[in-house]
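Me: I'd like to learn how to read a model like this one, feature by feature. Could you walk me through it?

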Amino acid sequence: MAEPSMREAYGRALAEYGGVNPKIVALDVDTSASTLSNFFAQKHPERFFNIGIAEPCMVDVAAGLALGGFVPFINGFATILSLRALEQIRTCVCYARTNVKIGASYAGLSDFKDGATHYSISDLANMRALPGMTVIVPADAAEAAAWVPIVAEFDGPVYLRISRAGSLPVFNAGMTLEIGKGLTLRNGKDLTLVATGAMVGRCARAAEQLAMMGIDARLVEIHTLKPLDRELLLQAAGQTGAIVTAEEHTIIGGLGSAVAETLAEAQPVPLERVGIQDRFCPTGRDLDTLMDVCGLSVAEIIAATKRVLERKAH
Amino acid sequence: MATLTPERISELEEIARRLRVDSLRLIHRRGAGHPGGALSAAEIMAVLYFHVLNIDPARPDWQERDRFVLSKGHASAVLYAALTRRGFFPLAELDRWGEVDCPHQGHPDRLKTPGVDMTSGLLGHGVAVGAGLALAGRLNKLNNHTYTLLGDGECQGGIVWEGVMTAAKYHLSNLTAIVDHNKVQLDGSVREIMPLEPLADKWSAFGWHVEEADGHSVRAVAEALELAQQVLDRPTVIIAHTTKGRGVSFMENQSAWHGNVPNAEQLKQALSELGEVQHG
């Protein structure tokens, strides 16, 4: 893939910001060569702790470091952190309100070679359900890097979802990132594509193709799944009258669910959800093909758009 | 640590007795709690809170204080008794323990109870969280010490040993764990449910310095904790041999009293056995 990988951008940003804020410590679970927290380890060895293959323990050790005044960034595979270490995250991070930052790498389908055991497609549902957790999903490498200082200085638990891979670039230096504030990346009046993570770039591509068909799609990036930018979503629903959500995650409990919950209560409009349809996904040869096969293709976004516009018209 | 004079020992013994009385009263009034594991830990808690821990009730957030994590959070009654007797909050606050608007929770909550260093309840967290606290103490160049108290049944869970390995890897001599080894858990005896022996050898094999002590002798507990401070290359665990339900004849060694609540009659008998003069 030509695009820079999100994990590398994150890893380099973490190492760099570790030089700015001496209270930052990093932990990993024998995956630092994968998550690329090893950039931090090389630059700040006295503040790096490799806990071995024991994610629950890493979370607890990080909670202790946070109680001692540090800002721990824990690094590992999203699927293991969000499943095996979920109790530790719930109890010792969210409930105890410790200032732990979760760098959840290899998220979504991005570990395409390793298959369903390694895919993280229910992490957003798990994290979103935890009181006190802030959930952030960057759309590309540059955005992931830009989040690191913001997350580090924010006071409270954060789940930062990091892809192993690159994605279609969407972020540029002119954009202002603020926790809980979505970004309108393209204006449009016929419907709104609401996307997160790698699906933002795919939706941008879909919007271009839709324009050629005479469909004027708005594109909203929801990087913060929690707290959700309710205002921006209701505005989009009110002004365009139809929504398609898109996420590299099961449609149960993630972005699509969050948007559906919000709209159903305040401003019901036709909604279609693009995402993984309650299934386990196969191993792939490359991420792009795998995402296409798993219902995340540009064609799928366009098909969902046509369905939602059909419903809007009736 | 103050010198362990005979007067001091009697003082600590009396505090332990009072912690037992307080714990049972609290559990009775709330109609919920875990008496067995509170009673087994009374001397350990008395020695920690009234002899060992360098803490200041006027400054519960004092950065240089020693830290204590009650890994066996079920024994919250004895922790609350120790904190209130130590002056962190008035005993009267616990009159309403269990009411929804009472700050003090069923299990310890660091955000709601002054003096609670870490939230706990589900088992297994103390050693790993303690390792993080000890690492933080070292990074901050503090001279403080972190203590955690865990149950023996708790040692059946894998995360305990993940934390044990981590503390050994980083030679955390500023971390001490105490196992309240009362040999009884919810469903029966530890030996029957899931054997742990040789427990001391296990900790030792994992790279910890091990002390074994009579957990109901304040002298033995205090001396073991003092020895722990002299070990400079590794963390120390004190296997404190205790009796579940200690001090109340009908509760001792009975798994049924792990989480049962004494009724008025049972409380009366228990307090009488604990030497409490009762009025009315």
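Reply: Sure. One working rule before we start: two residues are in contact if their C-beta atoms, placed from the backbone, lie within 7 Å. And keep in mind that this is a predicted model.

Me: Let's try that rule on the domains, then. How many residues of domain 1 of chain A are in contact with domain 2 of chain A?

Reply: Domain 1 of chain A puts in 22 residues, and domain 2 of chain A answers with 28. The domain assignment places domain 1 at 6–161 and domain 2 at 183–313 of chain A. Their centres, taken over C-alpha atoms, are separated by 26 Å.

Me: Which elements give two or more residues to the side of domain 1 that touches domain 2?

Reply: In chain A those are α7 (123–128) and β5 (134–136). By class, that side of domain 1 of chain A divides into 13 nonpolar, five polar and four charged residues.

Me: Now the sheets. What is the strand order in the open sheet of seven strands?

Reply: With a sheet, read the order, then the edges, then what packs on it. Here the order is β2-β1-β3-β4-β6-β5-β10 of chain A, and the pairing is mixed.

Me: Why is one side of β2 and of β10 left without a neighbour in the sheet?

Reply: Because β2 (48–50) and β10 (224–226) of chain A are at the edges, and each has a single partner strand. On average, neighbouring strands of this sheet are turned by 20° against each other, direction ignored.

Me: How many bridges pair β1 with β2?

Reply: Three, with β1 (residues 24–28) of chain A and β2(A) running in the parallel sense. To find the register, look at Ala26(A), which stands opposite Phe48(A) in β2(A). Helix α4 (residues 55–67) of chain A packs on this sheet, touching β1, β2 and β3 (71–77) of chain A, and its direction makes about 170° with that of β3(A).

Me: What about the open sheet of five strands, and what order does it have?

Reply: Use the same recipe. The order is β7-β9-β8-β11-β12 of chain A, again read with mixed pairing. Its edge strands are β7 (183–186) and β12 (271–276) of chain A, each pairing on one side only. From one strand to the next, the twist averages 25°.

Me: Do β8 and β11 run parallel or antiparallel?

Reply: Parallel: four bridges join β8 (residues 191–195) of chain A to β11 (residues 243–250) of chain A. For the register, Thr192(A) stands opposite Ile243(A) in β11(A).

Me: Which strands does helix α12 touch?

Reply: Helix α12 (residues 287–296) of chain A packs on the sheet against β11 and β12 of chain A, with its direction at about 135° to that of β12(A). Helix α13 (residues 298–313) of chain A also packs there, touching β8, β9 (217–221), β11 and β12 of chain A, and its direction makes about 160° with that of β12(A).

Me: On to the two chains. How many residues does the contact take from each chain?

Reply: Chain B gives 24 residues and chain A gives 22. On the chain B side, the elements that give two or more residues are α5 (126–139) and α6 (158–169) of chain B. The largest share, ten residues, comes from α5(B). By class, the side of chain B that touches chain A has twelve nonpolar, nine polar and three charged residues.

Me: At what angle do α4(A) and α5(B) pack?

Reply: For a helix pair, take the angle, the distance between axes and the handedness. The angle is about 40°, and the axes are 6 Å apart. That makes α4(A) oblique to α5(B). The crossing is right-handed. Residues in this contact include Gly64(A) of α4(A) and Gly132(B) of α5(B). Twelve residues of the contact of α4(A) with α5(B) are nonpolar, three are polar and one is charged.

Me: Can we finish inside chain B? How far apart are the axes of α3 and α4 there?

Reply: They are 10 Å apart, and helix α3 (residues 42–52) of chain B packs on helix α4 (residues 76–85) of chain B at an angle of about 30°. So α3(B) and α4(B) are roughly parallel to each other. Their crossing is right-handed. Ala42(B), Met45(B) and Tyr49(B) of α3(B) make the contact with Val78(B), Leu79(B) and Ala82(B) of α4(B). By class, that contact has six nonpolar, no polar and no charged residues.

Note on methods: Residues are numbered from 1 along each chain as its sequence is written. Chains are lettered from A and ligands numbered from 1 in the order in which they are written. This is a predicted model: local features need pLDDT of at least 70, side-chain atom pairs count only at pLDDT 80 or more; totals for chains, interfaces and linings use all residues. Two strands pair if DSSP finds at least two bridges between them. Axes are lines fitted to C-alpha atoms, for helices over the stretch in contact, and angles run from 0 to 180 degrees between N-to-C directions. Ala, Val, Leu, Ile, Met, Phe, Trp, Tyr, Cys and Pro count as nonpolar, Asp, Glu, Lys and Arg as charged, and the others, Gly among them, as polar. Angles under 35 degrees count as roughly parallel, over 145 as roughly antiparallel, 65 to 115 as roughly perpendicular and the rest as oblique. A crossing is left-handed if the near helix is turned anticlockwise from the far one by less than a right angle, and right-handed if clockwise. Domain bounds come from an automatic or database domain assignment.
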